[in-house]
Every structure is written in structure tokens, then in C-alpha cells.
Amino acid sequence: MSYRTRFGKDTSACDSGNTAEGSGSSIGPNEVSNDFDHEIAQLTKHRSRPHQLLSQDMPGKSRLLSTSPAYVSQFSNDGLFFVAGFQGGHIRMYNVDKGWKVQKDILTKSLRWTITDTSLSPDQRYLVYASMTPIVNIVNVGSSMTGSVANVTEIHEGLDFSVDGDEDEFGIFSVRFSTDGRELVAASSDASIYVYDLQANKVNLRIPAHASDVNTVCFADETGHLIYSGSDDNLCKVWDRRCLITKGQAAGVLMGHLEGVTFLDSRGDGRYLISNGKDQTTKLWDIRKMSSRACSNPGLRDHDWDYRWMEYPAHAKTLKHPNDQSLATYRGHGVLRTLIRCYFSPAYSTGQKYIYTGSSDHCVYIYDLVTGAQVARLNHHEGPVRDCSWHPLYPMLVSSSWDGTIARWEFPGDDQVPTLVRPRARRRRGYYDY
């Protein structure tokens, strides 16, 4: 059955309301505001575990997997599968419950581009992958065929995100399925957000969202009404699709980053989100504190600085946005070289007590969401860790790196620290600086 015949279309009326005006704050490194601690501490279920399992640096040299530089990785919603995307248009899907056996080996259409993002449908039957083109491809990963070469052994249908009249080429940095699997939301290099209707097989919404590249986008919760976006214009924005027709602008703006936003993740409750920024911070936000408009950029940095090949200026590490609306700021990791990703830890196994992130210093960092304390620094890789993924049910975390490896970490018991799973065999490939 085609993916298009399975998805219906949902429409919503505009639910008007006033945008909350947020007040600026200047909280220090890894500190939280008073109102934040009171409320989100009540929402965070687990206050002690697995904190003691994550209390020390973890060295390591072996590899779970070895291939070209890894850029994206994710567990499926039920944790049965793990997907990794690599440089050169290669994607692998592993069956976690069958000893990490390769379930699907995908050679994509985008051989000349790096895979910028992947997303599994909620039922794990379809996978979409994006690159620096307007075409997002969708493939049926539920088929019995292990090898999937684009349009040779299996159909990889191209979904065109360009709209009529567009002459400029653009790329897709981020793509996500909606919770019901009916839509895709994408962030693009033309400063826009796109929503693609899989049933109608067309873009049904394009939002000129930011003043620069939109690096990251996601749905706020299962309703699909709210969309969060982050951009190189240093802003996170909240979009209410019910009001776009009448208002034509963002529902609110969140200020606080001094540099571009590389990634954001929703807590899933339509209220809280986190973002990674090129100012070398992760920030926690409550959209009830958002402003209706952005203040002028404070202009606190050297505009010749480029995160892709330069170190972050030492003097800039102590700078603060004068209108910072974030609830908390987490420092210690590096957001350089590539669009480093950050996430809330799983609700089922940790109560979303932690924030975890890749880092340009080759490690994975885990912070206590409530206290801001760094509770783990997982050290194994020899290149930037762009992405990482915590299993939704098991005490397991997987990190993917530019060094060509994917490492699997397990937290086996109360009296043991995190351990790197040792593979039976290892092989070495070259390192690519890309």
C-alpha cells in the first residue's frame, strides 16, 4: 500500500489568543531561574536515577560500527530500530532486538550530497531523507528487501518542496514527520519552513520564517498546530498554524542566543523546548515567556567569526544577551564545525530529567535539566559528535561521529558506570573533514 493512501488530512480552525510577553533575564552559566525550578522540577519524575551511573568521564577506543562520517542517528519511537545517515548518501537501518542486525542498507539518490537529516514515520514503515536539495525522498523500509538502491532495487519517491515560481535552489537542513504521520515539516536554507501534505503530495504551507538559514524545525506536540524553528538569525520562533492565515506572523519569538541556532528539540508538551546555539550553549525555553517581536540584535560578536573552522572567541564566552528569555543555560560542550544536536532524555526511562548533546570536542555531554549540573561526559570518538540518540526504553545511548564510527553506550546497573559496548571485530576507514 502506498504511503499516500494511508494518510488522511486534518484541518484546524484558527484559535485566536494573545501572545505572552516574556521578560528578559540574565542567568549565569548552568543556572536556572526560580520559577523554572519550581515548575519543571514537579514535571520531572526521576530526581536521582540514573545520575550516579553518569558521574564520570568514559574513555574508549573500540567501535560498534565503522563507515564514512556519520551525520544523523535516531532510534524509532518504540526502540526496535536504529537509523544512521552517513556522508555520501548512505543510510543504514538496524534491528536492535536482533543483535543490531542490518535491517535495511539504503543507497540514496543523493550520492553527491551528505544526508542532512532522516525521519521515520510513526509506524516505522517509511523513512524520509533530506540533503542540500529541495527534494526529500521517501522509501518503504517495511519491505522484506535488505538492500535498497534508489530506483534500482526499490522506489525512492522524490517529494518536491519547491513551490510554483521558485527559481532559486535551496537545501533541507531538517525534516520531521508529524505524530500522526500525515505531514512533514522541513527547515531550509532559503530562510523558510515548509509543511508537506503526504496525502495531497504537495507543499501545503510555506512560511518565510527567518532572516537567515533555518537549521532546525519540529512539531511542538502531537496536535501538529504549533511548530518550533531555529535559525542562523539567532532566534527560536513559535508558529501557530491555526493563526497564520489571519496574522501571517510568528506566534512568538524567543531571544537569548548570541549566535545561530543549530538544533532544537520539543519536550512534547507544547510548552518546553531546548536549543543548541553556536554561542556554545544549550538553552531551555518556556513558550509562555516568548515575545511578540524580536529586539534588535545586540551585536556583541566579531562578524568575521565562522563556527565551521574557527574557535569560539574566549571573550565571547562570558557575554550574555541583554534580553535573554531562556529558563536555563547549559555550558561545557562545543557547538563548532557542524550543526550539533541536543535532546531531552526519554520520558519513560528517565522522566526527561536530562538534556544530552553531541559536541565538537568529540564527546557526548549529559546535563541534569533541573540543577544544570554536568553529570556525564562520554569520551570515545576522534572527531566531532554531530548526533546522538537515547533509547526510549532501554538504558542505552548511541553516538555518531565524523570519525566514521557509531558508538553504543549502556548503563547496565546501579553499581556500574556507563560502558562502551565492544564489537567483535573492528575495521578502520579514513577520516573526512566535511
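**View 1. A nonpolar patch on the surface brings together Leu-107, Val-149 and Val-152.** Welcome to the first close-up of this predicted model. Together, the three side chains' residues offer about 240 Å² of accessible area. Leu-107 belongs to strand β5, which covers residues 101-107. With a relative accessible area of 36%, Leu-107 is partly exposed.

**View 2. Arg-176 and Asp-117 meet in a salt bridge.** Their closest N and O atoms are 2.8 Å apart. This pair ties together distant parts of the chain, 59 residues apart: Arg-176 sits in strand β11 (residues 172-177) and Asp-117 in strand β6 (residues 117-120). Asp-117 is buried, and its relative accessible area is 1%. A search of the whole structure gives 17 salt bridges, so there are others to look at in the next view.

**View 3. Two more salt bridges pair Arg-242 with Asp-240 and Arg-408 with Glu-410.** For Arg-242 and Asp-240, the closest N and O atoms lie 2.9 Å apart. Asp-240 is buried, at a relative accessible area of 10%. In the other pair, the N to O distance between the side chains of Arg-408 and Glu-410 is 3.6 Å. Here the two partners fall into separate classes: Arg-408 is buried, with a relative accessible area of 11%, whereas Glu-410 is partly exposed, with 29%. Elsewhere, salt bridges with shared partners connect Asp-117, Arg-176, Arg-341 and Asp-387 in one network.

**View 4. Cysteines appear here without disulfides.** How many disulfides does a search of the whole structure find? The count is zero. Cys-342 shows the geometry: the nearest cysteine sulfur belongs to Cys-388 and is 8.7 Å away. A disulfide requires sulfur atoms within 2.5 Å, and therefore Cys-342 is in no disulfide. Is Cys-342 buried or exposed? Cys-342 counts as buried, at 0% relative accessibility. Cys-243 is buried too, with a relative accessible area of 8%.

**View 5. Spans listed as WD repeats can be traced along the chain.** An unreviewed UniProt entry lists residues 172-206, 207-240, 254-288 and 378-419 under "repeat: WD". Two of these spans are framed here. Residues 172-206 are 0% helix and 66% strand, and the C-alpha atoms at the ends of the span lie 13 Å apart. Residues 254-288 are 0% helix and 54% strand, with 10 Å between the end C-alpha atoms.

**View 6. Ser-192 reaches Arg-206 through a side-chain polar contact.** The contact between the two side chains is 3.1 Å. Ser-192 is found in strand β13, which spans residues 192-197. Ser-192 is buried, with a relative accessible area of 1%.

**View 7. Thr-329 and Lys-283 join side chains in a polar contact.** The contact distance is 2.8 Å. Thr-329 is part of strand β22 (residues 328-331), and Thr-329 is buried at a relative accessible area of 1%. For a handy landmark in the same frame, look for Ser-275: Thr-329 and Ser-275 are 54 residues apart in sequence, and their C-alpha atoms are 9.8 Å apart in space.

Conventions
Residues numbered from 1 in each chain as written. Predicted model: local features only at pLDDT ≥ 70, side-chain atom pairs only at ≥ 80, totals over all residues. Heavy atoms only, no water. Salt bridge = Lys/Arg side-chain N within 4 Å of Asp/Glu carboxyl O. Helix = DSSP H or I, 4+ residues; strand = E, 2+ residues; numbered from the N terminus. Buried < 20%, exposed > 50% of the residue type's maximum accessible area, 1.4 Å probe, protein only. Patch = residues over 30% accessible without salt bridge, like charges linked within 9 Å, V, L, I, M, F, W, Y side chains within 5 Å. Areas by Shrake-Rupley, 256 points an atom, 1.4 Å probe, with all protein chains shown as cover. UniProt positions renumbered as here; feature names shortened; annotations may be inferred. Polar contact = N/O pair within 3.5 Å; in protein donor to acceptor, adjacent residues only side chain to side chain.
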